[in-house]
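These are my notebook entries on a structure I went through by topic. I kept to what I could look up in the coordinates.

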Amino acid sequence: MAPIDGIRSLFEFKEHDTDLRTEILAGLTTFLTMSYIVVVNPQIMGQAIDIGTRSNAQTVQMLTVVTILSAAIATFVMGVYANRPFALAPGLGLNAFFAFTVVGTLGVPWQTALAAIVVEGVIFGVLTLIGARRYVIELFPKPVKLAVGAGIGLYLAIIGLQAMRVTAGDASTFVSLNPVFATDPVAIISVVGLFVTFALHARGVRGSIILGVLGTTVMSYLAAALGYNAVPAENAPQGTTLSGDATLDPISVSTLSSDPFSAVNYTSGGYDITPLIGAFVDGLADIDSLAFALIVFTFFFVDFFDTAGTLTGVSQAAGFLDEDGNVPEIDKPLLADAIGTTVGGILGTSTVTTYIESATGVDEGGRTGLTAVVVAGLFLASLAIVPLASAIPMHASHIALVVVAVLMLRGIVDIQWDDFTHAVPAALTLLVMPFTFSIAYGIAAGIIAYPVVKAASGEWADIRPGQLVLLVCFVLYFYVRTSGLLTHLL
């Protein structure tokens, strides 16, 4: 049997109506879309992790290596074991909670916070093996399941439009059109790139998202070479907040023209991650059991429902859901996710989770685990040139999120909007998700609403006991998360 035949058989190309070129292209698309995490996660985690024997720059480099390794391992397991086109990496939001709340505000040692991540991952693994995670996810009401994909789409759109500087934060209205749009090269180039991508996709061009991202990157570097610069965030009008990460050339044109190889130099201290590996063991010593349990619970809640929402939403886009809105054989991707979280905590980073950016690869035709294996391989390849992983400007990569957001909205047509007991939980899922920047909170809002409106309408038979248990758990979580209880105990 030829190697290519073995790959086709292993990943079941025929059953999923796909081919090698499509899967590779899908993997490249997903990687380009989520490669920003290689830069963003170390910067966030570096604000919480202090290794006395290393400089801050070396610590960030170490965290970059850890981010890449944890993403590659988890994504490879997802591809080979679960045969799903889903990519994993340390989760945004979860890493901010780790750095700014648990370590920064609550004063928990970073080693103890890593211990909480490892414990959470082990709990996930056990619950997956006994089928408990699948049971809970299948408790999600059907209108919530059908709304998750579109809710994620709106969530992606907000993230993408902010990074593209189409929108800006506003003190009065929370969000508004970028008030300096016409003079901001980032915003102008982003919109041009977005509509080029839309046009390519409308014409059925394969790889349209990659072409759009790369084309926008080229335009950005050309603009930088001609002397244009992003409007500095601090120059925004009073009361307006612009994305502070905007730059036309993340690796400056002057650096690339004078000494292109200087951008890929790595110190030995940056590659040596031994101070991070296993640091969680020290974090298990002298801990307050109740406070530690609450930290684990918080990580657990957000990661559990973020992962459930992502798997459901991306599976809906890929056509994986069955007639009841469930993901077939969901235990496999859930176990891959649990392994990723555990490995990430052991290596020294925050919770590893399934990425919503996987939807970009699905849109390019990715249907099997080979897409994930390609992503894992690209993560490993980026170890050799870690700084170049940030060569693609944030606004260019985030064009893909807006394109996918448009595509994911089509799922709302399956919701029974004429049935108020379906419309309310579906609408709350759609609305709360983007406006709280949390997939988990959107799902929670929908699940809380479902038994309430069903009971009010007298349709008690449609309410499952497990849904009432979830309602109580959600209320308990929001109390713990917003009452200051964690701060008081710590």
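Entry 1, a threonine and a covered helix. I began with threonine 360, which I found placed in helix 17 (residues 358-363). The model is a predicted one, and I read every value below with that in mind. Is threonine 360 buried or exposed? I noted that threonine 360 is buried, with a relative accessible area of 1%, a value that falls under the 20% cut-off for that class. Not counting residues up to four places away in sequence, I listed Thr29, Thr30, Thr33, Ile209, Ala400 and Val404 as what threonine 360 touches. Two of these names, Ala400 and Val404, led me on to helix 20, where both are listed among the buried residues. I recorded helix 20 (residues 399-408) as mostly covered, since 9 of its 10 residues are buried; they include Ile399, Leu401, Val402, Val403, Ala405, Leu407 and Met408.

Entry 2, the division into domains. I then looked up how the protein is divided, and found domain 1 (17-165 + 185-229 + 246-411) and domain 2 (416-485). Taken over C-alpha atoms, the centres of domain 1 and domain 2 are separated by 27 Å. To the contact, domain 1 gives 29 residues and domain 2 gives 26 residues.

Entry 3, the nonpolar cores. Which residues touch the most other members of the largest nonpolar core? Out of the 115 residues in that core, I wrote down Phe98, Phe299, Phe301, Phe305, Phe379 and Ile443. Helix 15 (residues 289-318) supplies the largest share of this core, namely 13 residues, and at least three residues are drawn from each of domain 1 and domain 2. I followed isoleucine 443 further and, leaving aside its neighbours within four places in sequence, found isoleucine 443 in contact with Phe140, Val144, Val148, Phe305, Gly309, Thr429 and Met433. Apart from the largest core I noted another, of 7 residues, among them Val186, Ile189, Ala224 and Leu248.

Entry 4, a helix pair. I next took helix 9 (residues 142-163) and helix 21 (residues 420-435), which pack at an angle of about 25° with their axes 8 Å apart. Because angles under 35 degrees count as roughly parallel, I entered helix 9 as roughly parallel to helix 21. The crossing of helix 9 past helix 21 is right-handed. On the helix 9 side the residues that meet helix 21 include Val144, Ala147, Val148, Gly151 and Tyr155, while the helix 21 side includes His422, Thr429, Met433 and Pro434.

Entry 5, two positive phi values. I found arginine 165 with phi near 65°, a positive value in a residue other than glycine, in the loop between helix 9 and strand 2 (167-170). Glutamate 329, likewise not a glycine, has a positive phi of about 50° and sits in the loop between helix 15 and helix 16 (331-347). Which side of the burial cut-offs does each take? I recorded arginine 165 as buried, at a relative accessible area of 1%, whereas glutamate 329 is exposed, at 56%.

Entry 6, an aspartate in a loop. Last I looked up aspartate 462, in the loop between helix 22 (439-456) and helix 23 (465-482), and noted it as partly exposed, with a relative accessible area of 36%. Leaving aside neighbours within four places in sequence, aspartate 462 is in contact with Tyr450, Lys454 and Gln467. The C-alpha atoms of aspartate 462 and proline 141 are separated by 9.3 Å, although the two residues are 321 residues apart along the chain.

Definitions and conventions. Residues are numbered from 1 along each chain as its sequence is written. This is a predicted model: local features need pLDDT of at least 70, side-chain atom pairs count only at pLDDT 80 or more; totals for chains, interfaces and linings use all residues. Side-chain values use heavy atoms; hydrogens and water are left out. A nonpolar core is a set of buried Ala, Val, Leu, Ile, Met, Phe, Trp, Tyr and Cys residues joined through side-chain atoms within 4.5 Å. Buried means under 20% relative accessible area, exposed over 50%, partly exposed in between (1.4 Å probe, protein chains only). Domain bounds come from an automatic or database domain assignment. Contact means heavy atoms within 4.5 Å. Axes are lines fitted to C-alpha atoms, for helices over the stretch in contact, and angles run from 0 to 180 degrees between N-to-C directions. Angles under 35 degrees count as roughly parallel, over 145 as roughly antiparallel, 65 to 115 as roughly perpendicular and the rest as oblique. A crossing is left-handed if the near helix is turned anticlockwise from the far one by less than a right angle, and right-handed if clockwise.
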